[in-house]
Amino acid sequence: MREALHPTAYRSITVVDYIGEFGPRLNPLGKRSIRLLARCPACLEPMNTRGEANPKVDGVFAHQRNSTAYCPLKQSAAKPYRILRPVDPDEEAAQRLRASFFSHWKHHWTLMRQRDFAPFADIEEFIALIRHADQSGLWLYRHLEEWVVPYIFLALKDFPPIRGKDKVLRAEWIRFWFDARVRTIEDLWIHTNGDWRIVKAIYAKPRNGGVPGPVQLKSVQIPEIQRNFLSKPEPGVHPYQEKAMKAAFPQELGSA
Ligand SMILES: [Zn+2]
């Protein structure tokens with residue numbers, strides 16, 4: 001992958017940045033230098049550099065060969081995140097959460113469509129995710145906070161390439177993963193201190209069709225998590241999107 005986490009700081013670096021800060025693989029005497037290692041943004045395992053001879057073009061980070069830690073980026077199948085009906089549902093909070101989500105649907109939708117996340121996502125995809133949340137009981141999770149919902153939505157589906165009328169809108173296949181501590185949705189608040197990361201993995205479209213896996217992984221980005229987007233003024237959306245939402249959820253949004 002072209003970006004990894006800095007060895008000690010919480011920010012992403014390229015191989016060029018890494019060499020700039022920690023020096024090249026070999027010191028001037030041709031001996032291997034001792035360097036702190038960059039880390040995988042998903043599992044935090046140390047990563048080695050590849051392609052240092054021409055890092056601008058070829059520089060990538062790779063997991064160490066002997067690493068056996070669970071890492072979502074090594075997973076070959078599609079989505080591991082499934083919403084399992086919670087064993088201890090919070091019915092009352094669920095109603096409030098769902099109603100509040102609809103009152104802020106433009107905030108959620110706009111966040112998901114930001115450049116760092118899934119630009120060109122279609123309103124029908126958003127509608128399908130809300131229906132999926134309804135059917136699977138997502139709102140019933142105890143301790144689920146509203147601002148986390150669009151990040152869960154991003155991780156629940158793949159965003160394959162899109163072709164517009166006369167140009168390619170998105171050439172690559174995008175998939176969002178939570179970091180390796182998060183194996184189920186509840187781990188967002190059980191197995192982290194709320195400091196989870198989301199990783200945007202960009203895959204090439206597999207030549208023979210199907211769903212891409214680690215072989216097609218081209219690059220990884222670590223988008224910044226925004227927690228306070230709900231307190232911002234309501235963003236504007238395209239009238240077509242508003243119409244589609246009102247048609248899909250007339251009760252929740254008023255059919256006027
Ligand atoms: Zn990893």
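Two strands pair if DSSP finds at least two bridges between them. Helices (H or I, at least four residues) and strands (E, at least two) are DSSP runs, numbered from the N terminus.

This is a predicted model: local features need pLDDT of at least 70, side-chain atom pairs count only at pLDDT 80 or more, and totals for chains, interfaces and linings use all residues. Residue numbers start from 1 along each chain, as its sequence is written.

**Exercise 1. Describe the open sheet that holds strand 9.**

Step 1. Take the order. The sheet has three strands, ordered 8-9-10, and their pairing is antiparallel.
Step 2. Find the edges. Strand 8 (173–178) and strand 10 (217–221) each pair on one side only.
Step 3. Add the twist. From one strand to the next it averages 25°.
Step 4. Look at one pairing. Strand 9 (residues 198–203) is joined to strand 10 by four bridges. Lys200 has Gln221 of strand 10 as its bridge partner.
Step 5. Place the helix. Helix 6 lies across strand 8 and strand 9, and runs at about 125° to strand 8. Such angles run from 0 to 180 degrees between N-to-C directions, with axes fitted to C-alpha atoms, for helices over the stretch in contact.

**Exercise 2. Decide which residues of helix 4 are buried.**

Step 1. Fix the term. A residue is buried if 20 or more other C-beta atoms, placed from the backbone, lie within 10 Å of its own.
Step 2. Count. Helix 4 (residues 105–112) has eight residues, and six are buried.
Step 3. Name them. They are Trp105, His107, His108, Trp109, Leu111 and Met112.
Step 4. Find the neighbours. These residues pack against helix 3 (91–103), helix 5 (123–136), helix 6 (149–156) and helix 8 (239–248).

**Exercise 3. Follow Met112 into the largest nonpolar core.**

Step 1. Define the core. It is a set of buried Ala, Val, Leu, Ile, Met, Phe, Trp, Tyr and Cys residues joined through C-beta atoms within 7 Å.
Step 2. Size it. The largest has 55 residues, and Ala4, Met112 and Leu154 have the most contacts inside it. Helix 6 gives the most to this core, with six residues.
Step 3. List contacts (C-beta atoms, placed from the backbone, within 7 Å). Beyond four places in sequence, Met112 touches residues including Phe117, Phe126, Phe153 and Leu154.

**Exercise 4. Classify the packing of helix 5 and helix 8.**

Step 1. Read the geometry. The angle is about 30°, and the axes are 10 Å apart.
Step 2. Apply the cut-off. Angles under 35 degrees count as roughly parallel, so helix 5 is roughly parallel to helix 8.
Step 3. Name the contact. Ile123, Glu124 and Ile127 of helix 5 meet Gln241, Ala244, Met245 and Ala248 of helix 8.

Definitions and conventions
A residue is buried if 20 or more other C-beta atoms lie within 10 Å of its own, exposed if 12 or fewer, and partly exposed in between; C-beta atoms are placed from the backbone. Two residues are in contact if their C-beta atoms, placed from the backbone, lie within 7 Å. Angles under 35 degrees count as roughly parallel, over 145 as roughly antiparallel, 65 to 115 as roughly perpendicular and the rest as oblique.
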